[in-house]
Each structure stands twice: as structure tokens, then as C-alpha cells.
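I opened the structure today and kept notes on what I looked up. The entries are short.

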Amino acid sequence: MLRNKVYPFVNAVVNSPFGCRPATFLRKTKPIHKLLLHQLCSLRTADCIVANEKQKCGFSTSTATNQLKELKTHLSQRKDSSSSSFTPSINKFTTRSHNCGELRLTHVGQQVTLCGWLEFSRMNKFFTLRDGYGTVQALIPEDVCHRFNLDGLAFESILCVSGTVHPRPKGQANGTLPTGEIEILVSGLEVLNEAKKRLPINVKDHNRAKENLRLEHRYIDLRNRDLQHNLRLRSQVIMKLRECMINKYGFVEVETPTLFRRTPGGAQEFVVPSRKPGHFYSLVQSPQQFKQMLMVGAIDRYFQIARCYRDESTRPDRQPEFTQLDIELSFTDRENVIELVEQVLMQSWPYADNPIQGPFPRMTLAEAMERFGSDKPDTRFGYELLNFSEMLGAHLTSPAGVQQQQFRAYGILIRSYEARNLPTSLKKSLEEIAKKSSFCKFTQSKVTSDWSSGAIVRLLGKETAETLAKRLTLQPDDLLLLGWGKQTYVQNMMGRIRLAAYEALEERNLVPKRQSHAHNFLWVVDFPMFSENEETGQIESTHHPFTAPHPEDAAALNAPNLNDSFYSIRSLAYDLVWNGVEIGGGSIRIHNRQLQQTVLKDVLKIEHSHLNHLLEALESGAPPHGGFAIGLDRYVALLCNAASIREVIAFPKSLDGRDPLSKAPVPISEEEKRIYHIRVVE
């Protein structure tokens, strides 16, 4: 065939130093080849496009030394898989015999029927067909070309293709595609549904449309390979979680109500009107109260893939509706819950070639804040906070409202090699962080030959500056980032500055890149039972008001001078952090009514009549119990290396909480307002 003679030449063109740009190469080509190039180079270019998209699927591995065991790409796993890894059930109950991603050389000679979306076509001879499992190339033989007409057929039209699996001609295999060694020799083709000519967005991995436009047309965007991978991985992880909870550990899956009553003291809740005037439901923030009552009801090992709702501003890791793996069990303690969660994660981990191992390391909250300035520390890099409180406390002026016992000073040192190459914009970025931090002060000081006689001396005094320089062995061009003020506030500020500084160093390739799938799991324990609200100054529960106190501190709740020891009482709460992101949290619960009432009434001063049902349950024979919840959206987003949890949710809300697809929320009719006794006040 003509194709067999010319295709190797086209291969030479697109693989030349000019890349996939035959038009450039054409000017340097003999005239006899020009017509052939015009006819066939587009097909090979299409192969390149598909290959590029495939290469972007899954995870990319840094070209630097892989010190943190970064995952192999998902593509390599799929490429190495054989047809035996695909079970017939994928195609059962459908009109296809195979899907577009499973055919290999072992299928050569078989008659197959495929269904999918037309991804690319050329000359009414060559086309690629795509479905949710992959892409396959098809060839229409010259003797049947007159029976089919793809010219003018819009891409993304739905086709049913019948034919025989053939090996690609020698030298024409595409090693970047799992199906790259074969093609379909078409004998039958049916257009099941023709797409319109110009779709609002294109299905491609490069130069993708703006996110809001993609969310508006999510039904098209879902065909994207990354989203296909993310949603299928999410399904696999949830199934493994279910199998582990039920089959391995005997948990019972129980669905709890979504419509509940308002719970004061937590995040803002969505209000749902009822037909009874002035009476409203609220959408639950979590199944917390229900799962505790299940423990009272002898459902001693509960779990649920739970839908939760919060009416709060969205961020990349937040949605107004989200999903969590919710767990509760009776007759347990902190150690057992932690071990359970580790086992569930290890057994449901989706990457067999890079398994995680327990037990995960632990760190108290006090240590995490002292070393990293964060309750969810990223331990993939150093640059830990240096405590200068004792050395500098007498020389730094405390911000207004900071008592001496609350004063702390911390520094971060960036050595000269890195500091000399930092962008000038970093200084402004760090100052912006400092401006947003209450009860704190911040300065940046570059070490110069006269450092101990310059601005730092006016701040610290000459003797203290020299002592600091000696302790840190400061050299010219070193950069010292120094913050001081109220303990928790300055720790948080310096934690954010630590992250911002390292990100700037990463961008300039001055430090090792943090690997997205490093196994830096960490338990953070010994949270304070109560903390101060940074905005109102009021006391509030650090975790939630049902969290039990640490046994060593429980007696303090009954002390006569309780007001003096609020913030020193530890709780039995625990968070799980993965590479600087909190993926879940839990606690041992209060199971005694009197203790629960003390926390609500005497400490938090919360009107608790709305919790009578729970308080009565606790005095009806409540076993000791505790639990945990994993934020599935956030966890799967990290597994997929996605920039946002919106990339692992089929139909997410936008950053402003709206649904670009349906345009919700929308006004309701006057009749609906009347039924639910609603009057809109502008």
C-alpha cells in the first residue's frame, strides 16, 4: 500500500529536529514528497498529540534524584499491563466487545466492536476512537472507503466501529500509547450520534479552557483523561475502604440523616425551610451526633461514606458539600483508633508498587508549632523555626496586648547561596503575611559586613546582635527572618513564612523539590481542649465540644479556679497529616452526661437545650467510644496530585459556591415562597 511506503518517511519528518512541524520541514523537501506529506503528516501529528496527552496522564516524576520515592507514572502502569488485567465484566451488558484502551498484540486477528467518541480523523482513512478507558487507532481500507464518510463529521461524535485487530506496520508503533502496537482494520462503522460542529470546549490536556467554562460544560470536560483517571481512582479507593471496613474489621455501614436541626457553635449551616411556619431544618455538618447515638444503640462499629455540608467560603480544598469516610467504634481508646486508621489506609492504598507502611510517626501539637509553626507541618523539608525567645526577649518590644509570659521570638535562617538567588518579590510577600498576623512583628535582615552596626543593632543592641551572629555562625549574604509576639500567633505567622520562603527557593531550583507522594504521614496529638478565637477572643472547642479531655488533665475541669487553666487542658483529639495537608481528624468522645454538661454550660457557655437528645442518650448507658473522619475529597486529590479537590469531584461548585452547570442557586417562584413561608428581604 501507498501508506506502507510513505508512513516511514512521515515518521522521519515528525521525528526530525523540527519535531511535529512538517510545514517547516516541507520547505526543505523534494517536490515529489510534498503531496504525500500533505496527505499523511496530519495523521502522524495526531499520534503525537494523543501521545502527549497520554504522557500527561497520572503523575510526573521529577528529573532530580528521587530521594523521596516518588510514584511511577500511572501511564507506565497502564502501558505495562496486558489484556489479562481487563476483566470481561467491563464490557458485559453493552453492545461493544472491547473498550478502546484494552486491545494489545494478543488480540491480533480478533473481530471486535468498539464504541466511543471520534477524537481525530484524516482523509476518510485514519481516525482515533476514545472512551473512558483509552484511545485506539483505526484504519479504513481503500476498498471500503466508499461505504463510510467521516469527512465533515464533527469530532466528539459517537461511533460504533467493527473490524479486525491488526499489528501496526513495522516502525510505526507508538510506544507512548498502551494500544500503540495495534490498529483496527475497519469493516463496519455507524454514527450513533453526531455532535455539533463547534463544541464550547475541546477535550484536550494542553491549553484547556478556563475552569469556569469547563465547569459550565462539565459533561464534556469529564471526558478529559485526567478527570477520567481521578474519578475512577476515587471509586477504587472508596471500594477498597468499604471492603476493608466490612470484610476485614466487621464494621456496619449505616446511613444517617442529612436533614437535622441547627447546631450552634460550629460552622455556618445551610438552612432548609419546612412547610411549618418559622420552622427549619439544617443540613448536617457531619454525622457526629448520630454516630455517637449509634454507639449508645449497640451499633458498636459504624462507618459511612458521608455527605456533609457547610455554608462557608470555598477554597481549593473546600466545597459547600463534601464527602468523608466517617468511623466510630465503642470500647476503644486513642491508640486503637490510630492503629485502625493506619491499617485501613495501608490496605486501601491504590499503588501496589509504592506501598505505605506503619506505624506513622507522632508529634504533639506543641512540638509541631514550636518546630514548624503549623498544626499540619510539612515535614518534607527543613528550615525549622529557631527559638530566640530567651536570647532576644529582653531586647525586642512586644506588640500591644502581649503579656510577658506569652512572648516568643522565632527565626528562620536562609544561607547565602540560596538567599542571593531569591526573587526580590519575596520580601514584599513575606511582609504581606506579617501584616495579616495580629499581635506580631516581623523583620528581614540580610547579613552584611557591617551587619552588627546597622539596623539590627538598633533593634537588638550591639552585644545581642554579636551573640546572635556567633550562635548562628552568620556569613555575608545570609538572610535572617525574625518574628516576635504572642506565642501561637507568631508561631502561625512564622509557619506561613517558612512555607512561602521554601516555595520561592523551589521555584528557583535552589532546594530539592518536594515530591507529591512522599510518605510523610504524621499524627499530631495532644491538642488543647479549648482555644481562643483569633477574631472574637472568646473561648471555643479546639476540635468540637464532644471531645474528651486527656486523662491526665481531666481533673482540671473540676478545679475551682477553672478560668485559670482553660488553655492548658489537653484533649484526646488527633489529626492525620500527609505532606503538610490535614486529611482527617478524630477524637475519643465524652460518654458521661455530667462531664459533657460541664463543658457545654460552664466552660463554653453554650445554650445546650438543642442537645438534650444527646445528653439523655449519654445517661442511657453510653459506652466509651471514639472515632475518626477522613476527608475523602482532599485525600483523593492528594492521591491524584490534583491542584484542587474540584478535580476529583464529578460536579463541583466554583470558588464562589455556585454551580456553573445549572446556575444554582437560583430564585424560586412566589408560589414556592408561599408554601414555605419565605419572604425575601433585600
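The entries below go through one helix, one pair of helices, one barrel and one residue.

**Entry 1: helix α8**

I noted before starting that this is a predicted model. I then turned to helix α8, residues 288-296. Is this helix enclosed or open? I found seven of its nine residues buried, so α8 is largely enclosed by the rest of the structure. Buried here means under 20% relative accessible area. I wrote down the buried residues: Gln288, Gln289, Phe290, Lys291, Gln292, Leu294 and Met295.

Next I asked what these residues pack against. The list holds four strands and a helix by name: β7 (259-260), β10 (301-309), β11 (321-330) and β22 (625-631), together with α18 (612-618). I also checked the backbone just after α8, where Ala298 has a positive phi of about 70 degrees.

**Entry 2: helices α7 and α19**

I looked up how α7 (residues 225-248) and α19 (residues 632-639) pack. Their axes are 10 Å apart, and the angle is about 120 degrees. That angle makes α7 oblique to α19, because 65 to 115 degrees would count as roughly perpendicular and over 145 as roughly antiparallel. I recorded the crossing of α7 past α19 as right-handed.

Which residues meet at this contact? From α7 I listed Asn230, Leu233, Arg234, Val237, Ile238 and Leu241. Across from them, α19 brings Leu632, Asp633, Tyr635, Val636 and Leu639. Sorted by class, the contact has eight nonpolar residues, one polar residue and two charged residues.

**Entry 3: the barrel**

I followed the strands of a closed barrel and wrote their order as β1-β2-β3-β5-β4. The barrel has five strands, and their pairing is mixed. From one strand to the next, the twist averages 50 degrees.

I reminded myself that strands of a sheet pair through backbone hydrogen bonds, either parallel or antiparallel. In which sense do β3 (residues 134-139) and β5 (residues 182-193) pair? I found them parallel, over two bridges. For Ala138, the bridge partner in β5 is Ile184.

**Entry 4: Ser662**

Last, I looked for Ser662 and found it in the loop between α19 and α20 (670-675). Its relative accessible area is 45%. I entered Ser662 as partly exposed, because that value falls between the 20% limit for buried and the 50% limit for exposed.

How far is Ser662 from Glu216 in sequence and in space? The two are 446 residues apart in sequence, but their C-alpha atoms are 7.7 Å apart in space.

Methods: Residues numbered from 1 in each chain as written. Predicted model: local features only at pLDDT ≥ 70, side-chain atom pairs only at ≥ 80, totals over all residues. Heavy atoms only, no water. Buried < 20%, exposed > 50% of the residue type's maximum accessible area, 1.4 Å probe, protein only. Contact = heavy atoms within 4.5 Å. Axes fitted to C-alpha atoms, helices over the stretch in contact; angles between N-to-C directions. Parallel < 35°, antiparallel > 145°, perpendicular 65-115°, else oblique. Left-handed = near helix turned anticlockwise from the far one by under 90°. Nonpolar A, V, L, I, M, F, W, Y, C, P; charged D, E, K, R; others polar. Pairing = 2+ DSSP bridges.
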